[in-house]
Amino acid sequence: MAQQPEETHPVQEHRTTTIEQGRFCLARCTCGWQGPARRARSLARTDAEGHLVNTPLA
Ligand SMILES: [Zn+2]
């Protein structure tokens with residue numbers, strides 16, 4: 001049986017960035033995850049770190 005590669009989400013790693021939306025800041029990841037809107041970038045970064053810890057790669 002041949003294994004078929006998944007083509008839906010070829011993400012090999014989590015890469016988080018913080019983006020600003022108006023007055024708020026939120027974290028976003030290359031896997032599609034997005035954190036809640038925060039008023040401080042530091043909080044968005046904390047969300048991103050938590051995502052990395054709580055979402056291990058397969
Ligand atoms: Zn991710």
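Which elements do the buried residues of α1 pack against? This tour of a predicted model ends with the selection that settles the matter.

Start with the whole protein. Its elements are one helix and two strands, and from the N terminus on they run β-β-α. Of the 58 residues, 10% count as buried. Among contacts with a separation of 6 or more, 18% are between residues 24 or more positions apart.

Next, select residues 16-21 and 24-29, which are β1 and β2. The two strands pair in the antiparallel sense, over six bridges. Pick I19 and look across to β2, where L26 is its bridge partner. Then go to the turn: β1 and β2 form a hairpin with two residues between them. Click G22 there, and its phi is positive, about 65 degrees.

Now select residues 41-54, helix α1. Place a distance between its end C-alpha atoms: they are 20 Å apart. This agrees with expectation, because 14 residues at 1.5 Å a residue should span 20 Å.

Within α1, colour A44, D47 and A48, the buried residues of the helix. They cover an arc of only 100 degrees around the axis, so they sit on the same side of α1. The spacing fits a general rule: an α-helix has 3.6 residues a turn, so residues three or four places apart point the same way. Give another colour to S42, E49, G50, V53 and N54, which are exposed on the other side of α1.

Finally, show the strands together with A44, D47 and A48. The buried residues of α1 pack against both β1 and β2.

Note on methods
Residues are numbered from 1 along each chain as its sequence is written. This is a predicted model: local features need pLDDT of at least 70, side-chain atom pairs count only at pLDDT 80 or more; totals for chains, interfaces and linings use all residues. Helices (H or I, at least four residues) and strands (E, at least two) are DSSP runs, numbered from the N terminus. The expected span of a helix is 1.5 Å times one less than its number of residues. A residue is buried if 20 or more other C-beta atoms lie within 10 Å of its own, exposed if 12 or fewer, and partly exposed in between; C-beta atoms are placed from the backbone. The arc is that of the directions from the helix axis to the C-beta atoms. Two residues are in contact if their C-beta atoms, placed from the backbone, lie within 7 Å. Two strands pair if DSSP finds at least two bridges between them.
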